[in-house]
Amino acid sequence: THCVSGCVCPHNQVLDGKGGCIAPEDCPCVHNGNSYSPGESIRVGCNNCTCRNRKWHCSEEPCLETCSVYGDGHYTTFDGKRFDFEGDCEYVLVQNYCGQQGMNQGTFRVITENIPCGTTGTTCSKSIKVFLEVSIFFNKFDGHSDVIQRTPGGKMPFQMRSMGIYLVVDTTVGLILMWDKKTSIFIKLSPSFQGHVCGLCGNYDGNGNNDFTTRSQSVVGNVLEFANSWKVSSSCPNANRTKDPCTANPYRKAWAQKQCSIITSEVFAKCHSQVEPNEYYQACVDDACACDTGGDCECFCTAVAAYAQACNELDICISWRTPSICPLFCDYYN
């Protein structure tokens, strides 16, 4: 319906912003700057939201939140706080052995071991250990996984399966771990653990501002003080802030920026409004500059894949790999 009398709409209609008039119930809903027509649905977390009568109507399923670790020490906690930390030791990613409960009251612990992966002091995850009623050990270099200890006669409290490039450990305690057999780890936790976990992945209480909680349950502002407190062994040296990789390796900077610009390009355009790309881009540039002892393309690919995975968590699937950019041998993975 066209507006009349200098764009004044008839009774019971409103302007649609395009020179026309529509009924109020036909107005769109807005999410992250994008408009959606009545009846359209979007995915927010693990819930579906449908536009009806200018409002979003969402399902209320409890969602598993994700903690991610990738590349040269890039972390995102369950509550969405991002930080970088490069320490050469074993660290607790997440456990529910917290506070005054004591070390025998929890049900799981996930530990990662970091080692240097470049001459600038950057570190990459070497192995992951998952402790349930059994111990599961993953080795980065050959993708090996093994159960190194188990309760005699007990039923295994987990299942391992492959999903694309990921090895997935699905446990009975409400923890899911995804590993790309390289340097990317994604840990998903049931909402029942909200506020009851600790480690580098934070406390999962919905507030990212208090995620830097040390082993002694003190909230600090310094990432080094926080992360060093989660060393498994006190004999490891405390990590110190490392140099900027692109300053240390200036000859790699232009190449890194060019390669990583795929994250901010049109390839990922439909994800930009949902997942802010600039921090992922900068992490990619740092990693591409840092990996100067071989594996530079792997570091770049891992960084881009981390952004693609964050988009995928919101059901935004991007086909970004090509025969010349981080190809996968699909027949092998299929």
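Start by selecting lysine 129, which counts as partly exposed at 21% relative accessibility. You are looking at a predicted model, so keep that in mind as we move around.

**Stop 1: a pair between strands**

Add glutamate 90 to the selection: its side chain and that of lysine 129 meet in a salt bridge, 2.9 Å from N to O. Glutamate 90 sits in strand 11 and lysine 129 in strand 13, so the pair ties together parts 39 residues apart in sequence.

**Stop 2: the largest nonpolar core**

Now colour strand 11 (90-95) and strand 13 (123-131), which are among the elements giving two or more residues to the largest nonpolar core. Strand 12 (109-116), strand 19 (185-189) and helix 1 (223-228) also belong on that list. The core has 42 residues, and those touching the most other members are Leu93, Val94, Val110, Leu177, Ile187, Leu189 and Leu200.

Centre the view on isoleucine 187. Beyond its neighbours within four places in sequence, what is isoleucine 187 in contact with? The partners include Leu93, Val94, Val110 and Leu177, as well as Glu65, Phe78 and Cys201. Apart from this core lies another, of 30 residues, with Tyr280, Val285, Val304 and Tyr307 among them.

**Stop 3: a long-range salt bridge**

Select arginine 82 and glutamate 279, whose side chains meet in a salt bridge at 3.1 Å, N to O. The two come from distant parts of the chain, 197 residues apart: arginine 82 is in strand 10 (82-84) and glutamate 279 in helix 5 (278-290). Arginine 82 is partly exposed at 22% relative accessibility, and glutamate 279 is partly exposed at 45%. The structure holds 4 salt bridges.

**Stop 4: the largest pocket**

Switch on a surface and look for the largest pocket, with about 1,400 Å³ of space. Which of its 50 lining residues are closest to the centre? They are Gln309, Ala310, Asn312, Glu313 and Leu314. By class, the lining has 28 nonpolar, 12 polar and 10 charged residues. Helix 6 (296-312) gives the largest share of the lining, 6 residues.

Stay on helix 6 and pick glutamine 309, which lies there. Is glutamine 309 buried or exposed? Its relative accessible area is 9%, so glutamine 309 is buried. Outside its neighbours within four places in sequence, glutamine 309 is in contact with Tyr166, Met178 and Phe186.

**Last stop: lysine 188 and glutamate 313**

Finish with the salt bridge between the side chains of lysine 188 and glutamate 313, at 2.6 Å, N to O. Lysine 188 is in strand 19, while glutamate 313 is in the loop between helix 6 and helix 7 (330-333), 125 residues apart. Lysine 188 is buried, at 13% relative accessible area, whereas glutamate 313 is partly exposed, at 28%.

How values were computed. Residues are numbered from 1 along each chain as its sequence is written. This is a predicted model: local features need pLDDT of at least 70, side-chain atom pairs count only at pLDDT 80 or more; totals for chains, interfaces and linings use all residues. Side-chain values use heavy atoms; hydrogens and water are left out. A nonpolar core is a set of buried Ala, Val, Leu, Ile, Met, Phe, Trp, Tyr and Cys residues joined through side-chain atoms within 4.5 Å. Buried means under 20% relative accessible area, exposed over 50%, partly exposed in between (1.4 Å probe, protein chains only). Helices (H or I, at least four residues) and strands (E, at least two) are DSSP runs, numbered from the N terminus. Contact means heavy atoms within 4.5 Å. On a 1 Å grid over the protein atoms alone, a cavity is a set of points where a 1.4 Å probe fits but cannot get out, and a pocket is an open set with protein on both sides within 12 Å along at least five of seven lines; lining residues have an atom within 4 Å of a point. Grid points are joined across faces, edges and corners, and a volume is the space filled by probe spheres set on the points. Ala, Val, Leu, Ile, Met, Phe, Trp, Tyr, Cys and Pro count as nonpolar, Asp, Glu, Lys and Arg as charged, and the others, Gly among them, as polar.
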